[in-house]
Amino acid sequence: MSLSHQRIIFLPVEIVERELDAKLLVALEALERGYIVYIGHYWNLPDIAKKVNGGFYLYKAMTDYRAKNLFLPLLHNSVRSGVLDEEGLIFPSLDYYVRTRIGNGDAIPVLTKIYSWGAVQSEFVEKKFSIDHSKMVVSGNPRIDLLRRPYNKIYTARAAAINEKHGEFVLVNTNFGPGNYSPNFGFTYHEHMRYFGRISTPEEDAYYSERTKYFENLFFEYIEMVKQLAKNISPVKVIVRPHPVEDHEHWRRLLSDSPNVEVIFEGSAIDWIVASKCLIHTGCTTGVEAFVLGKPIFRYNPNLRLDMESELPNNLGVENTSIQELISRVSDLLDGKSQNSVSDEQKEYLSGWVKNLNGPYSYERILDSIDQDNLGNTTEYVDVQRLSLFYIRTLIRNTLIRLLGKIAKRCRVISKLSIFRKALERVQRFPGIKSNMIRDRLNLLSQLKHGKELDGIQIKMVGPDIFRVELNKK
């Protein structure tokens, strides 16, 4: 079926627990402005977008690889693209960010808009690549919108459910992928960097080797810290939440002798931050999120190197360089003897990195820029039909992957086999989404925004984990 002059936005999701709620917040605003929204798994969505014949595709990265494999094919099918880099906030240095997230800048000419978390990222990228100022939009990220009123109430019930199950706990969030890389990928972190073209010189090879050793050492420093902390604050739990790319079983094996420690990766990181008494981390995005939420933050790293970790999260909260110092502060907090305050200096510092701490929401700035230049318009909208060869092929593949992932999760011996490891990693990042999940979350966001659910919402699966969402026009 073809219809003319529709407005379309495509919202790909890579990691459900990190991105889905934020993408649905953009979707809610787009729906209210009359858009048709396509949302779903980032691997499958481009095939749908190329069939639709127009619209705006909001992606998560602008590496050279994506220029020819994503943005150009979309443009050839009348789909314009913009990027809001999900990793555009946390990096060891701006030069490292360019090397790993942009490269030579091949994608920049093909992109219609580049959205940034804040002025620091925007000004550097614009100057580095001599980008036309009109292409840059300092928008912030919808993930930060969710931490502001009224939307941060979405975490209240989920956090309460966590507390009902686990009681009081201290949360340790980690981002140690280079030193604790999941075997589910089938290759090492160093091999991964080489495969994606991030190692092309002897200097880069040496840097990534050193980076691997740095995070290996940090991983074992945290193992020791967690054990001692748990012993000193028992019966209060310590819950470790590793990054999705980490080897979670490695954590579980080494902490198995600490009865009040659990390693858990489920639900949104924000749910666990809200439910926790405090957050312990080093160089992690969750440090920024906890700061915005007003949660007490303790940074622990006895050998911090800012050429290996990000400056931003390591400038927020209270620094601790020894285990005893950390234990003392956490114990005082649990005893009600001290509170971790957020300083005005830290707030001012953060505002340069994150635009949407206050004022207009990020989703408003993003949609305003798309509307201003009519970037979501189609000349001849093609309605994608569900029963297609693409749908059947992808459905079979996804069903098989999830089956293998479930088997691997239940049987550690089988999980060591390559095919099961890779399936488990896929399921860990993207366990799947369903239409009722999208409907429920959109209605919850609408209730927080307007005090009522959406009227006339229609959701249709057009591919495995791909949904078309629109509102009935009255």
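Is Asn374 buried, exposed or partly exposed? In this predicted model, Asn374 is partly exposed, with a relative accessible area of 46%.

**Backbone features in loops**

Asn374 sits in the loop that runs between α15 (362-372) and β14 (381-382). Its phi is near 55 degrees, a positive value although the residue is not glycine. Ser130 also has a positive phi without being glycine, here near 50 degrees. The loop holding Ser130 lies between α5 (119-128) and β7 (136-138). Ser130 counts as exposed because its relative accessibility, 66%, is over the 50% cut-off.

Cis peptide bonds are the next topic. One such bond joins Arg149 to Pro150, with omega at about 0 degrees. Pro150 belongs to the loop between α6 (142-145) and α7 (154-166). Another cis bond leads from Ser234 to Pro235, and its omega is near 15 degrees. Pro235 is located in the loop between α9 and β9 (237-241).

The angles and loops are collected here.

| Residue or bond | Angle | Loop |
|---|---|---|
| Ser130 | phi near 50 degrees | α5 (119-128) to β7 (136-138) |
| Asn374 | phi near 55 degrees | α15 (362-372) to β14 (381-382) |
| Arg149 to Pro150 | omega about 0 degrees | Pro150: α6 (142-145) to α7 (154-166) |
| Ser234 to Pro235 | omega near 15 degrees | Pro235: α9 to β9 (237-241) |

**Nonpolar core**

The largest nonpolar core contains 139 residues, and those touching the most other members are Ile39, Met225, Ile280 and Leu442. Helix α9 (residues 202-233) supplies the largest share of this core, 13 residues. Leaving aside residues up to four places away in sequence, Met225 is in contact with Val172, Ile280, Tyr300, Ile323 and Leu326.

**Packing of α9 and α13**

Helix α13 (residues 323-334) packs against α9 at an angle of about 40 degrees, and the two axes are 10 Å apart. The crossing of these helices is right-handed. On the α9 side the contact is made by Glu224, Met225, Gln228, Leu229, Asn232 and Ile233. These meet Ile323, Gln324, Leu326, Ile327, Val330, Ser331 and Leu334 of α13. Sorted by class, the contact of α9 with α13 has eight nonpolar, four polar and one charged residues.

**Cysteines**

How many disulfides are counted? The count is zero, with a pair of cysteine sulfur atoms required to lie within 2.5 Å. Cys278 counts as buried because its relative accessibility of 0% is under the 20% cut-off. Cys284, with a relative accessible area of 7%, is buried as well.

Note on methods
Residues are numbered from 1 along each chain as its sequence is written. This is a predicted model: local features need pLDDT of at least 70, side-chain atom pairs count only at pLDDT 80 or more; totals for chains, interfaces and linings use all residues. Side-chain values use heavy atoms; hydrogens and water are left out. A nonpolar core is a set of buried Ala, Val, Leu, Ile, Met, Phe, Trp, Tyr and Cys residues joined through side-chain atoms within 4.5 Å. Buried means under 20% relative accessible area, exposed over 50%, partly exposed in between (1.4 Å probe, protein chains only). Helices (H or I, at least four residues) and strands (E, at least two) are DSSP runs, numbered from the N terminus. Contact means heavy atoms within 4.5 Å. Axes are lines fitted to C-alpha atoms, for helices over the stretch in contact, and angles run from 0 to 180 degrees between N-to-C directions. A crossing is left-handed if the near helix is turned anticlockwise from the far one by less than a right angle, and right-handed if clockwise. Ala, Val, Leu, Ile, Met, Phe, Trp, Tyr, Cys and Pro count as nonpolar, Asp, Glu, Lys and Arg as charged, and the others, Gly among them, as polar.
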